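Hi everyone, thanks for coming. I'd like to walk you through the packing and the empty spaces in one model, so have a look at it first.

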Amino acid sequence: MVSAPRSQLPQWRALAAHRAELDAFHIGDALAADPARAQRWTLEVAGLTFDLSRHRAIDETRALLIELARACDLERWRDRLFAGELINTTENRAAWHTSLRKWGQTPISKMVSDPDFLAFAEALREGSVRGAAGEAIERVVCLGIGGSDLGPRLVTYALGAQTRGPTVRFVANIDPVELDEALAGARPQATLIVVISKSFTTLETLENARAALAWMRQRAPDLDVAKHLAAVTAQPDRAQQFGVPGERIFSFPDWVGGRYSVWSACGMPIAIAHGRAAFEQLLAGAAAADAHFAEAPLERNVPVQLALLGLWYVNFWGVSARAVMPYAQRLRHLPAYLQQLEMESNGKRVDREGRPLDYDTAPIVWGEVGTTAQHSVFQLLHQGTHWSPVDFVTCAAFAESHNERERLLYQNALAQADALAHGDRVLDPAQRPTASYAQAPGNRPSTLVALPRIDAFSLGALLATYEHRTFVQGVVWNINSFDQWGVEIGKRLLSQRLAGKRGSR
Ligand code: F6P
């Protein structure tokens, strides 16, 4: 059945009218007038808190947004997602990554991969996986790009320094510099190359794999390099043709989308670096967020609320960017991860019926780690002509840390969120600037996200929450969040150029 374009829904129009009523609204006034606002508007999932009080919204806004979501059949779409229905219609498959996060009696590793990648990761950590010359593996170089890189890289670094096992490095770019850096100081006899590619056709990844093998052959001509190769893919036959031994090919189902694949065998680098238990905790945190998304009423449903407030700015305030500022160095790869998750999923221009949209979809996602970003891009956030809602991602444990710099890190995030909300009027009168160039208007929205600790469970819950946020927006925008046809054009043009039929010089 063909649905009416979203912008023609009465609920959409009600929101447009409501937006005009908020011209005089100021977040600072709302916070001052209602001391309980922060408490009322703070939601929780799996121990993570999301303070939504610093938004250009009143209770009625949130009620109208929920009415829109209901009119878009959000609850039915959510059920279809969890049931593994074929919701990725342009690729004729499910988007069933959530099923990787549940397990009962079946060992999780058996459900997510064949052979057992978690057992292999543990063997690597114990030193019982040997190379062709009989040496234990000391360096694991993971080659992958996009979803086959960003999630594993984010979580591996977020869990901190490795205490055991081979050193894990990541390479995504085809620029030789990245592989050179990852191999620096390594010896082929003690190195394992893990090729992570769902399709096993991605140019960058395969070229890097060839270059890594050439590096091995050049330095150790007698080494059987196949024994130094492993692969993670949904196309095991292609990996085998490439020369990866069958017992080292870890597969995952086709219905796991690339940017949703950290939960599958693609997450093996996490287990190699931090152990099987950490990986299982990651899944457990994600499962807790899934349960919340599936069961919590829409009014207190974190991914739903995040999604709706996000599209409120895109579609009713004309804002086309959003910032993600992690206040934790260990979360430095979060902006890049979310860029792919949101921009590849929801950067779409036609609806599910193929009609061009007359409203905007995914905003440009950008961000940088705090406090570093305060001394570069925050000028625009406070005083620029554009504004961009911000997610401040913090760690609550830092507030009580014995380390003063961690306490300062946390306080900085709060100070920035308040400065954006209130502007300079929150300063003591003596400190308030009088010159217009020094004044800041405030009324700039942000969400304060707090993980209790930066551990595997909390990370799993955070990433799954962001996945569902992305999904909810896709439902309201009536787009397929699970394909990425736009990136194919560039790939095809490259093939054409390499075949000598250049589109341009
Ligand atoms: O080109 C885009 C893309 O297909 C992403 O969606 C994906 O995460 C990435 O490339 C890597 O793909 P693969 O895992 O098949 O190498």
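**Helix 14 and the spaces around it**

Let me start with the lining of the largest cavity: its residues divide into 10 nonpolar, three polar and three charged. On classes, Ala, Val, Leu, Ile, Met, Phe, Trp, Tyr, Cys and Pro count as nonpolar, Asp, Glu, Lys and Arg as charged, and the others, Gly among them, as polar.

Before I go on, this is a predicted model, where local features need pLDDT of at least 70 and side-chain atom pairs count only at pLDDT 80 or more, while totals for chains, interfaces and linings use all residues. Residues are numbered from 1 along each chain as its sequence is written, and side-chain values use heavy atoms, with hydrogens and water left out.

Back to that cavity. Its volume is about 120 Å³, and 16 residues line it, with G310, Y313, R322, P389 and R469 nearest its centre. Helix 14, strand 8 (321-326) and strand 10 (390-395) are the elements that give two or more residues to this lining. Which element gives the largest share? That's helix 14, with five residues. Helices (H or I, at least four residues) and strands (E, at least two) are DSSP runs, numbered from the N terminus.

And what's a cavity? On a 1 Å grid over the protein atoms alone, it's a set of points where a 1.4 Å probe fits but cannot get out; a pocket is an open set with protein on both sides within 12 Å along at least five of seven lines, and lining residues have an atom within 4 Å of a point. Grid points are joined across faces, edges and corners, and a volume is the space filled by probe spheres set on the points.

So who does helix 14 pack against? One partner is helix 18: helix 14 (residues 302-316) and helix 18 (residues 456-477) sit with their axes 8 Å apart, at an angle of about 50 degrees. Axes are lines fitted to C-alpha atoms, for helices over the stretch in contact, and angles run from 0 to 180 degrees between N-to-C directions. That's why helix 14 and helix 18 are oblique to each other. Under 35 degrees counts as roughly parallel, over 145 as roughly antiparallel, 65 to 115 as roughly perpendicular and the rest as oblique.

On the helix 14 side, the residues that meet helix 18 include L306, G310 and V314; on the helix 18 side, R469 and V472 are among them. Contact here means heavy atoms within 4.5 Å. By class, this contact has 11 nonpolar, five polar and one charged residues.

Another partner is helix 4 (residues 59-71), which packs on helix 14 at an angle of about 100 degrees, axes 10 Å apart. So helix 4 is roughly perpendicular to helix 14. L65 and I66 are among the helix 4 residues here, and L308 and W312 among those of helix 14. This contact has eight nonpolar, two polar and one charged residues.

How many cavities of 30 Å³ or more are there in the whole structure? Four. The second largest has a volume of about 50 Å³, and W77, R352 and F471 are among its lining residues. Helix 18 gives the largest share there, three residues.

Last, the largest pocket holds about 1000 Å³ of space. Of its 38 lining residues, S199, T202, Q484, E488 and K491 are closest to its centre. Helix 19 gives the most, six residues, and the whole lining divides into 13 nonpolar, 15 polar and 10 charged.
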